[in-house]
Amino acid sequence: MPKQLTEIPRHTIAGAISGNAEDLAFILGYFSGYIKKLATRTLKDEYGNEYLYVDEDMRLRLESKLMKSIVSDFEIRG
């Protein structure tokens, strides 16, 4: 997992936009904690105990949406 930065470097974003797999992986790693938090669900068992778990289907859908958005919709301004 990449070291957390306050900003993703411009050259990494530009590489991800052009489809560079390494740069896309860096960005996915950068946002992995946030994506996991968004995909976390609460599960109740038959005794009423609650458990938190990461919904892997939702996590993969969020990652796919992020990658698609970067490659097809993203632009660098200024």
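In this predicted model, the aromatic side chains contribute 1 aromatic pair to the structure. The two partners are Tyr-30 and Phe-31, whose rings are arranged edge-to-face, with 5.0 Å from centre to centre and 80° between the planes. The angle places the pair in this class because planes over 60 degrees apart count as edge-to-face. The surroundings of the two rings can also be described: Tyr-30 has a relative accessibility of 15% and therefore counts as buried, whereas Phe-31, with a relative accessible area of 30%, is partly exposed.

Tyr-30 also belongs to the largest nonpolar core, which has 7 residues, the others being Ile-8, Ile-13, Ala-16, Leu-24, Ile-27 and Ile-70. Two elements, α1 (10-17) and α2 (21-30), each give two or more residues to this core, and α2 gives the most, with 3 residues. Within this group, the contacts of Ile-27 were examined further, leaving aside residues up to four places away in sequence. Ile-27 touches Ile-8, Ile-13, Ala-16 and Ile-70, which are also listed as members of the core, and its contacts further include Thr-12 and Leu-66.

Turning to charged side chains, the structure holds 4 salt bridges. One of them joins Glu-50 and Lys-44, with a distance of 3.9 Å from N to O, and both of these residues are exposed.

Two further salt bridges share Arg-59 as a partner. In the bridge between Arg-59 and Glu-56, the closest N and O atoms are 2.7 Å apart, and in the bridge between Arg-59 and Glu-63 the corresponding separation is 2.8 Å. Arg-59 and Glu-56 both lie in helix α4 (residues 56-73), where they are 3 residues apart, about one turn of the helix. Arg-59 and Glu-63 are 4 residues apart in helix α4, so that about one helical turn separates them as well. Through these bridges, Glu-56, Arg-59 and Glu-63 are linked in a network.

The members of this network can also be described by their accessibility. Arg-59 has a relative accessible area of 17% and is therefore buried, and Glu-63, with a relative accessible area of 15%, is buried too. Glu-56, by contrast, has a relative accessibility of 40% and so counts as partly exposed. The assignments follow from the cut-offs, because buried means under 20% relative accessible area and exposed means over 50%, with partly exposed in between.

Note on methods: Residues are numbered from 1 along each chain as its sequence is written. This is a predicted model: local features need pLDDT of at least 70, side-chain atom pairs count only at pLDDT 80 or more; totals for chains, interfaces and linings use all residues. Side-chain values use heavy atoms; hydrogens and water are left out. Rings of Phe, Tyr and Trp (its six-membered ring) pair if their centres lie within 6.5 Å; planes under 30 degrees apart count as stacked, over 60 as edge-to-face and the rest as tilted. Buried means under 20% relative accessible area, exposed over 50%, partly exposed in between (1.4 Å probe, protein chains only). A nonpolar core is a set of buried Ala, Val, Leu, Ile, Met, Phe, Trp, Tyr and Cys residues joined through side-chain atoms within 4.5 Å. Contact means heavy atoms within 4.5 Å.
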